[in-house]
Amino acid sequence: MALSQPQLATVKRTCWMLSLVVVAIPFLFPFLWMISSGFKGPTEIFGEPTLIPRTWRWQNFVEVFDYQPFARQYFNSIYIACAVTVLTLLLSSLAGYALARMRFAGAALLMVFLMSALMVPEEVTIVPNFFLMKWLGVMDTHVPLILLPVFGPHGVMATFLMRQYFVALPKELEDAGKMDGLSRVGIWWKIALPMSRPALAAVAIITFLFSWNLFLEPLVFLSSLENFTLPLALSNFTDPYGAPLWHLQLAATSLAVVPILIVYLIAQRQIIESFAMSGVKG
Amino acid sequence: MASLNETGTTVRAPRAPWLTLKRRETIEGWLFVSPTLIGFLIFFLGPLIAVVFYSLSEWNLLSQDTTFVGLANYEDALTQNPDFWQVIRNSVIFAAGLVPMNMALALALAMALARPFRGVVFFRTIFFAPVVTSAVAWAIVWKFLLQGDAGAVNQMLATVGIDGPNWLREPNWAMAAVIVTRVLKMVGLNMILYIAALQSIPRDYEEAARLEGASEWQIFRMVIWPLLAPTTLIIMVITTIGSFKVFDHIYLMTGGGPENGTLVLAFYIYQQAFEFFEIGYASALAMIMFVIVLALTVVQLILRQKGST
């Protein structure tokens, strides 16, 4: 039976959509399975796999907080990510502004110098940083987790992102500010910053997530449970023999991931664009 | 005395003769970058230089003594320690598996999702979701899904009559599993970079080729692919370097096992430094990693230069 042109188009379209759906399964399924397993009991979790739990064990979400100071760890992650984000925004926009707008001796060399950091993995400098932090007496505190992202390759990337944005901004308003007798700092704070909201938002988004998801640094620098950040806490739901307590681990992981996913779903356009900006420039 | 400011108008110099506008700008410029620069020197460049010295010494953690041992740590890695070459092999296999798979999938998804259609945002959102999810969460969930008999993946395979392997406990399967799950985690990032590049290609090019009677494949091969070359190169650099940095994903999914089958360089550095306290040796490994990443970047930049001339 021959199909007419529009029918053929419909068949093609349907096949196309179906194949996209199939490809999407391994991306979507882990999230669904994580949430559903977070509601299962320790025995059901190993039984017949069902997406909808037979008995909803809300108890898991209480036990998560009894097992380790999870609320505290959650708070640690939030406040560290906020501190890193605010500091990165301030310092990267300050330096990025100077690199974009001010013609000062050594600026070009400084750019190349900073840029070289983008190629160096954190693993390369983690050992000396460990001894540096030990010497500073800040082991098992959150100081390294705030300082290293702000001043490491991520901070440099943020500086470049800001610089690229400032370079493309029209200069007229800033010149007007200069006429009005504003200082350099005044021009940066009152004129340049308000005009660069999109870039600031992009830096804020990727920096917050960068800090939120950091694992190697917390693993190296933190040792007490109440100082842990979320990624470290999540990996720590184990029985005394080191085997994972899956029902608690997955409940905790859901608690950590779902809020971020909700924000992502609401602001997905903005978030995806931020990553696109940093990817192209970084 | 007069000097030029940046708008080109002549202005009077301030009273102090040495404080020309140019000098003033230099001082202000350095003041603006100083917080970033000072932190960068202390927490990045300093440690980077220190790691060179560490790699040339032997550390005794009990007496806190260090002795200069020259290149002994490098020699140890390159000629003595059989683990080292296995680790390099693992890292190369990981990168060689991850980079092409990631890029091919990213390009395919981007080609599918670059033009608007009903549901395009839905699919983009799903493919990008793992990128904003923490690597730890992603690794934990996949470890759970890929357990031996009890894992959801094997249970599902069983319903269609396939007896799945114990993914994370058999060396070859474990490597394949960490590669594929890592691709799923990160492919969304490359996908959006490709989408941005595709959307910047004027549609006329494609239309013109179509009018000439080119097939879809020819349009891709002759028009789109060459125009994507700069993007492809950047993505290749980012993805390759990224693949050498992967630590948390493997640490949580396989712990480097089984039989060191997934022990990659970033993990090996961590293990030697913070589990065995072989500081000198770990620093030599860090230098080797630095050189590898640097070499990869330089090679790819040279390719880019060649491509553009």
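How many residues of chain A are in contact with chain B? The count is 71 residues of chain A, set against 69 residues of chain B. Keep in mind that this is a predicted model. Here's a quick tour of the contact between the chains, the nonpolar core, one helix and the domains.

**Where chain A touches chain B**
- Helix H13 of chain A (residues 246-266) gives the most to the side that touches chain B, chipping in 10 residues.
- Sort that side of chain A by residue type and you get 54 nonpolar, 13 polar and four charged residues.

**The nonpolar core**
- The largest nonpolar core runs to 159 residues.
- Those with the most contacts inside this core are A:Leu161, B:Val264, B:Ile269, B:Leu285, B:Ala286 and B:Met289.
- Helix H7 of chain B (residues 171-199) supplies the largest share of the core, at 14 residues.
- Leaving out residues up to four places away in sequence, B:Ile269 touches B:Ala282, B:Leu285, B:Ala286 and B:Met289, plus A:Glu123 from chain A.

**Helix H7 of chain A**
- This helix covers residues 153-168, and 13 of its 16 residues are buried, so call it mostly covered.
- Why should it span 22 Å? Because each residue counts for 1.5 Å along the 16-residue helix, and the 23 Å between its end C-alpha atoms agrees with that.

**Domains of chain A**
- The domain assignment splits out domain 1 (5-59) and domain 2 (69-236).
- Taken over C-alpha atoms, the centres of domain 1 and domain 2 of chain A are 38 Å apart.

Technical notes. Residues numbered from 1 in each chain as written. Chains lettered and ligands numbered in written order. Predicted model: local features only at pLDDT ≥ 70, side-chain atom pairs only at ≥ 80, totals over all residues. Helix = DSSP H or I, 4+ residues; strand = E, 2+ residues; numbered from the N terminus. Expected span 1.5 Å × (residues − 1). Buried ≥ 20, exposed ≤ 12 C-beta atoms within 10 Å, placed from the backbone. Domains from an automatic or database assignment. Contact = placed C-beta atoms within 7 Å. Nonpolar A, V, L, I, M, F, W, Y, C, P; charged D, E, K, R; others polar. Core = buried A, V, L, I, M, F, W, Y, C linked by C-beta atoms within 7 Å.
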